[in-house]
Amino acid sequence: MDLLPSDDQQQIVDTIKDFLRNEAPVDRLREFGAIGNPDALLWPQLGELGFFALGLPDDRGGVGLSAAEEMLAFQQFGYHLVSPGIFGLVLGARIAAFAGEDALRDELLAGGIKVGLANSRGAAGAADEYHLFEAEEAAWVLLVSEEGAALYPRDAFSEIVRVNSTDSALVLERAKLSGAPRVAISAETDNIHDRALMLMGAYAVGVSEGARDLAVDYSKIREQFGKPIGAFQSIKHVCADMAIRSEAALCQASFAALVMDEGSPDTPFHATASKIVACETAVRNAADCIQVHGAFGFTAEANVHHYLKRAHVADMMWGSLREQRRRILTFPTPA
Amino acid sequence: MDLKFTAEDQKFREEAREWLNANVFKERRPHGGDEMREYDLAWQKCQYDGGWAGVSWPEEYGGMGLGLTRQLIWYEEYARANAPDNHLCFVGLNHGGPTIIAHGDADQKKEHLRSILSGEKIWCQGFSEPNAGSDLASLKTRAYVDGNELVITGSKIWTSHGHLSDMQELLVRTDPEAPKHKGISWVIFDMNTPGLELRPIEIMTAPNHTHFVQCFYDEARVPLKNVVGGLNNGWSVAMSTLGFERGTAQIKDQIRYAFLVEEMIARARERYGAAFLDGDEFGSRLAQLRADMAAARAMTYMVVSRAQHDVSPAMASLMRAMVGQVQQRVRRLAFDIIGADGLENPEDDDWVYFYLRTYATTIAAGTSQIQRNIIGERVLGLPRS
């Protein structure tokens with residue numbers, strides 16, 4: 001039993017970290033301008049490095065590693081606020097692989113095309129109404145539900161209307177689902193819904209850690225009353241709380257990934273618990289991060305607001321805290 | 001990353017489970033007094049006689065000499081078997097004993113270790129003073145050397161179960177001229193020593209629940225050979241083993257609390273109907289706690305994992321701080337679920353007693369504020385306050 005990454009796993013983490021630190025510093029979102037992000041330009045490189053295929057079995061065209069490596073990768077994607085379009089590629093390739101659509105799978109793994117995400121608008125809309133994230137120039141749109149997951153061509157959606165995105169680093173549209181999926185797999189074929197929740201939990205862990213580090217770094221350099229504000233317990237304890245919550249979320253994300261790799265019947269419970277703990281943490285850490293930055297944290301000149309808004313997107317995707325809390329009470333007591 | 005235990009670990013788990021199922025005390029643990037002492041010692045002796053006391057203690061002192069992973073497994077099985085927590089043995093097993101193992105000389109080890117494991121001696125702690133709580137290093141209880149004895153005068157407070165204890169791990173100031181961290185010694189103190197007076201302190205759980213004592217030392221004499229780790233070296237001795245209190249022993253509590261949340265869900269369903277799940281505040285709080293308890297357990301696994309990799313013990317503060325808060329939330333919700341019944345505090349209702357008890361979880365062994373200082377400074381590298 002060991003929840004820490006092995007040397008091989010750490011090497012993967014370090015490679016992704018180095019790549020994203022150089023190619024996708026969070027400053028890119030500010031520099032990019034008003035709406036959207038440049039992340040789709042990274043997809044071919046990330047594809048070439050094999051990062052979309054980590055958790056796919058090698059007999060299905062993947063790297064043949066486990067959910068643990070995928071979890072670690074998505075933690076880093078969250079840390080750098082990489083466009084959630086990356087879920088579309090990784091999960092989309094999984095759908096194609098398990099549906100036997102090898103050509104599509106390889107196209108997705110190479111990162112040459114974009115996959116948007118469709119998410120139910122829940123009580124805010126009718127049953128067939130969705131939000132489309134990062135789908136504007138996407139060939140495909142990913143839809144995940146408890147029953148399974150599917151890739152739809154973009155034109156399976158109608159009445160597509162561009163709306164202002166609260167997370168302005170993402171392109172958001174409203175749409176109605178009126179067509180059929182091109183490729184679909186059921187929950188019996190693969191635990192893709194649990195995997196989606198687990199990976200979104202890992203992503204939210206990264207967002208939480210990013211907000212934590214931003215607050216800690218700032219409180220080391222910002223001085224008031226003649227010393228760094230991090231020397232004051234009022235600030236120090238806020239930072240400590242961010243660290244405590246992040247650690248809890250990371251531990252649960254790791255546990256959830258390992259339980260999934262074991263094929264345990266507790267997989268849905270732990271994946272759901274991971275999404276709950278991590279999304280709650282991401283929103284709270286981002287909020288604390290704004291507070292630690294004071295008035296600067298309230299501006300668009302600081303990067304802080306991106307963490308808050310991305311945390312809310314992560315929470316809303318595939319069922320918000322409210323829905324996940326309902327779901328988790330329906331699972332049997334885990335071992 | 002790996003969740004698997006080795007085949008030997010699994011065998012150990014099965015043996016532990018089998019032994020626990022056959023031997024666990026079924027009678028309810030008394031909440032206080034000599035009955036509680038007798039109960040705790042008897043259960044400790046039972047574990048010792050069965051060969052299960054001190055999983056990670058060296059074999060030469062009656063332990064099993066096994067690693068942290070086995071310790072974790074033992075505690076998991078212990079909690080699953082609903083074995084009683086013999087809190088009176090806690091200081092000896094998790095603090096005093098390990099300190100002597102780490103810093104004691106051969107005679108000290110020979111004299112004191114086995115009687116802790118075998119359920120003969122209860123140890124208590126003499127660290128805090130009326131004016132030295134979070135600022136422990138400012139302690140003033142004085143001890144001077146007279147021939148081959150230490151002569152101790154002063155007062156200690158918040159000594160849990162001091163009135164039921166045989167021995168005490170005691171921090172005293174042996175060099176008042178030295179800087180505050182440098183003049184302290186860690187001493188083995190016999191609670192039958194002349195010159196010691198105890199004042200019982202009732203706690204908030206119910207009238208007549210004595211949990212703490214205040215200790216008054218008036219020229220109490222202790223053999224100099226009872227100093228552990230060298231005269232004036234007590235601060236580093238105490239700090240090096242404080243981590244024992246923040247480690248694997250908490251997995252028991254976490255598993256118990258996870259079970260409790262399941263029981264709360266059942267009791268809430270029974271009392272309020274299945275519909276309470278949907279949108280009710282209780283449903284939402286229970287769900288969040290169910291998720292948080294899973295995370296707390298994962299954090300304990302991480303503490304054991306980090307210890308194997310030799311990562312800074314300060315990281316364990318993250319788990320301790322989280323668990324203290326979650327336990328309070330669980331007990332508060334348990335109290336809320338029973339509704340008006342919570343205003344009655346019968347001797348046999350643990351839900352009220354333990355609700356009140358959990359106010360200690362963010363105070364004992366370093367307040368959550370001190371924990372946050374440690375996390376801020378030693379984990380996050382923030383400047384000292």
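This passage describes the domain annotations, nonpolar cores, strand pairing, selected residues and cysteines of a predicted model.

According to UniProt, in an unreviewed entry, the feature "domain: Acyl-CoA dehydrogenase/oxidase N-terminal" covers residues 6–110 of chain A. This span is 61% helix and 0% strand, and its end C-alpha atoms lie 27 Å apart. For chain B, the UniProt annotation "domain: Acyl-CoA dehydrogenase/oxidase N-terminal", likewise from an unreviewed entry, is placed at residues 6–120; here the chain is 63% helix and 0% strand, with the end C-alpha atoms 34 Å apart. A further UniProt feature of chain B, "domain: Acyl-CoA oxidase/dehydrogenase middle" (unreviewed entry), is assigned to residues 124–202. Over residues 124–202 of chain B the content is 0% helix and 52% strand, and the end C-alpha atoms are separated by 17 Å.

The largest nonpolar core of the model comprises 177 residues, and the members with the most contacts inside it are F87(A), L108(A), W318(A) and W74(B). The element that gives the most to this core is helix 8 of chain A (residues 233–261), which supplies 17 residues. A second core, separate from the largest one, has 30 residues, including M36(B), C89(B), F127(B) and M167(B). In soluble globular proteins, nonpolar side chains tend to be buried together. The surroundings of L108(A) can be given in detail: once neighbours within four places in sequence are set aside, L108(A) is in contact with F52(A), L89(A), G92(A), A93(A), A96(A), I113(A), V115(A), W140(A) and L151(A).

In chain B, strand 5 (residues 184–190) is largely enclosed by the rest of the structure, because six of its seven residues are buried. Strand 5 of chain B runs antiparallel to strand 4 of chain B (residues 167–173), to which it is joined by seven bridges, and within this pairing L171(B) stands opposite W186(B). Strand 5 of chain B is also antiparallel to strand 8 of chain B (residues 227–228), the two being joined by two bridges; in that case W186(B) stands opposite V228(B). W186(B) of strand 5 therefore faces L171(B) on one pairing and V228(B) on the other.

Another tryptophan of chain B, W235(B), is found in helix 6 (residues 234–242). With a relative accessible area of 17%, W235(B) is buried. Not counting residues up to four places away in sequence, W235(B) touches L136(B), A137(B), H181(B) and I184(B). The C-alpha atoms of W235(B) and G183(B) are separated by 8.2 Å, although these two residues are 52 residues apart along the chain.

Several loop positions of chain A were also examined. S165(A) is located in the loop between strand 5 (157–163) and strand 6 (172–177) of chain A, and because its relative accessibility is 15%, under the 20% limit, S165(A) counts as buried. A polar atom of the side chain of S165(A) lies 3.3 Å from the backbone oxygen of L170(A). Neighbours within four places in sequence being left aside, S165(A) is in contact with L170(A) and L172(A).

Two residues of chain A that are not glycine have a positive phi, namely E134(A), at about 55°, and F225(A), at about 50°. E134(A) occupies the loop between strand 2 (129–133) and strand 3 (140–145) of chain A, whereas F225(A) is placed in the loop between strand 8 (223–224) and strand 9 (227–228) of chain A. With regard to solvent, E134(A) is buried, its relative accessible area being 11%, while F225(A) is exposed, with a relative accessible area of 79%.

Over all chains, the structure holds zero disulfides. A disulfide is a covalent bond between the sulfur atoms of two cysteines. For C251(A), the closest cysteine sulfur belongs to C279(A) and is 17 Å away, and is therefore too far for a bond; C251(A) itself is buried, with a relative accessible area of 0%. For C46(B), the closest cysteine sulfur is that of C89(B), which at 12 Å is likewise too far for a bond. C46(B) also counts as buried, at 18% relative accessibility. The cysteine C89(B) is, in addition, one of the residues included in the second nonpolar core.

Conventions:
Residues are numbered from 1 along each chain as its sequence is written. Chains are lettered from A and ligands numbered from 1 in the order in which they are written. This is a predicted model: local features need pLDDT of at least 70, side-chain atom pairs count only at pLDDT 80 or more; totals for chains, interfaces and linings use all residues. Side-chain values use heavy atoms; hydrogens and water are left out. A nonpolar core is a set of buried Ala, Val, Leu, Ile, Met, Phe, Trp, Tyr and Cys residues joined through side-chain atoms within 4.5 Å. Buried means under 20% relative accessible area, exposed over 50%, partly exposed in between (1.4 Å probe, protein chains only). Helices (H or I, at least four residues) and strands (E, at least two) are DSSP runs, numbered from the N terminus. Contact means heavy atoms within 4.5 Å. UniProt positions are given in the numbering used here, feature names are shortened, and annotations may be inferred rather than shown by experiment. A polar contact is a pair of N or O atoms within 3.5 Å; within protein, one must be able to donate a hydrogen and the other to accept it, and residues adjacent in sequence count only if both atoms are side-chain atoms. A disulfide is a pair of cysteine sulfur atoms within 2.5 Å. Two strands pair if DSSP finds at least two bridges between them.
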